[in-house]
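Notebook open, structure loaded. I want to look at the ligand site before anything else, and then at how the domains meet.

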Amino acid sequence: MSAPSFNAPSFHPLTIRDCRRETADTVSLLFDVPPELAERYRFVQGQHLTLKTIINGEEARRSYSICSGVDEGELRVAVKRVEGGLFSNHANDALAPGMVIDVMTPMGRFTTPLDPTAARRYVAFAAGSGITPILSIIKTVLAREPHSQFLLIYGNRAVSSIIFREELEDLKNRHMGRLAIHHLLSREPEEAGLLSGRIGADLVRDLCAGQLDAASVDAAFLCGPQAMVEEVRDALAAAGTPAERIHLELFGTSADRRPPAPAKAATDGVADGPADGATIAILQDGKRREFTLAYDGDTILDAAHRHGADLPYSCKSGVCCTCRAKIREGKVSMAENYSLEPWEVEAGYVLTCQSRPLTERVVIDFDAP
Ligand SMILES: Cc1cc2nc3c(=O)[nH]c(=O)nc-3n(C[C@H](O)[C@H](O)[C@H](O)COP(=O)(O)OP(=O)(O)OC[C@H]3O[C@@H](n4cnc5c(N)ncnc54)[C@H](O)[C@@H]3O)c2cc1C
Ligand code: FES
């Protein structure tokens, strides 16, 4: 049995120190991190936090990207209202300084290692609240890689919805020649320094015909609606950016929070164990928990929770990667996967919120690094 990992994700109650209105529909939340937890909340640029609270008597948890740079000495996220959204409206309307909220330790791999001696070319495409992890990446790269350059393409509906507009302007002025920013507005005509249009394949082609040499991009970061992110990824790849240098972060999918399709619909296998179900063993914090699960029933994550396990999760739709674990024995089918890298799938990692058993026995390790 593997030993519990020090970095296993865990929730801690943190006090909100500051709520700052960034735009009419976006608030940023700054958390107080007590010294004894400082190490646990150390993050790398591009990571996110999962917040958990009770809203209308029910537990709600959602992920929010950290917008602080790693050298700023603060832990801040920004939450944009989603029409009819439970958590985002609660955050904008009800959260206030002094309140305490459960915050999971930082997670996510929307990041690349830094090298102070490198002279890299970065490009980022962000839409709306997709700017939050990108801002953290930009601030950190500019501070830690003094020879690197960054090009940001940032799309919004209107000038009033541009989050962090002043901070970005200020960064651009402080890092003249190293940070270039193109704002695109989809619902307003062009005005000084702000272009009209949408982020998509045409824009990528135009950029690649001019100031962006796609083949020499060292890292591209894409964050926004699924359709935009996938279109830009494909256009960059077609223009010559190697696929492994293109990094995606989705905040949700069109299938958000719908229960994933049962195993029969999955493409990677047909259940081959006994008809009454599989034996699932969960390894977590050095302990083992076993239960039986029907092949076309709940996901492994939901079933484990029904059996009393407290496993990490947030989106339950395959995007946040919080529920990642490693298969030690057996096989599962995954309905969706928007967050595991190909090498992780190869190495046996799965998203347990999307997984159902395919074999008689499945052993899943949540302590795997
Ligand atoms: C890794 C990760 C990082 C994230 N970082 C941020 C961040 O930095 N800032 C931020 O504001 N959000 C971020 N999100 C999205 C966030 O977790 C929530 O999904 C979002 O705030 C909506 O939650 P809600 O409870 O208000 O809406 P819900 O009550 O969950 O959903 C209400 C309706 O809105 C739709 N919906 C959900 N999310 C979106 C969306 N983003 N855009 C349009 N429609 C949506 C749903 O499909 C549903 O129909 C991130 C998500 C992930 C997975
Ligand atoms: S809980 Fe988000 S991917 Fe499984």
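How far is an oxygen atom of ligand 1 from an N or O atom in the side chain of Thr132? I get 2.7 Å, within the 3.5 Å that I allow between N or O atoms for a polar contact.

Before going on, a note to self: this is a predicted model, with local features needing pLDDT of at least 70 and side-chain atom pairs counting only at pLDDT 80 or more, while totals for chains, interfaces and linings use all residues. Residues are numbered from 1 along each chain as its sequence is written, chains are lettered from A and ligands numbered from 1 in the order in which they are written, and side-chain values use heavy atoms, with hydrogens and water left out.

**Ligand 1, contacts.** I looked up Arg62 next: an N or O atom in its side chain is 2.7 Å from an oxygen atom of ligand 1. For Tyr64, I also read 2.7 Å, from a polar side-chain atom to a ligand oxygen. The protein covers 77% of the 910 Å² of accessible area that ligand 1 has on its own (Shrake-Rupley method, 1.4 Å probe).

**Ligand 1, shell.** I find 22 residues around the ligand, with Arg62, Ser63, Tyr64, Ser88 and Thr132 coming nearest (a heavy atom within 4 Å counts as near). By class, I have ten nonpolar, seven polar and five charged residues in this shell; Tyr and Cys are among the nonpolar ones and Gly counts as polar. Domain 1 (11–104) and domain 2 (121–250) each supply at least three shell residues; the bounds come from an automatic or database domain assignment.

**Domains 1 and 2.** I put their C-alpha centres 24 Å apart. In contact are 17 residues of domain 1 and 18 of domain 2 (heavy atoms within 4.5 Å).

How values were computed:
Polar contact = N/O pair within 3.5 Å; in protein donor to acceptor, adjacent residues only side chain to side chain.
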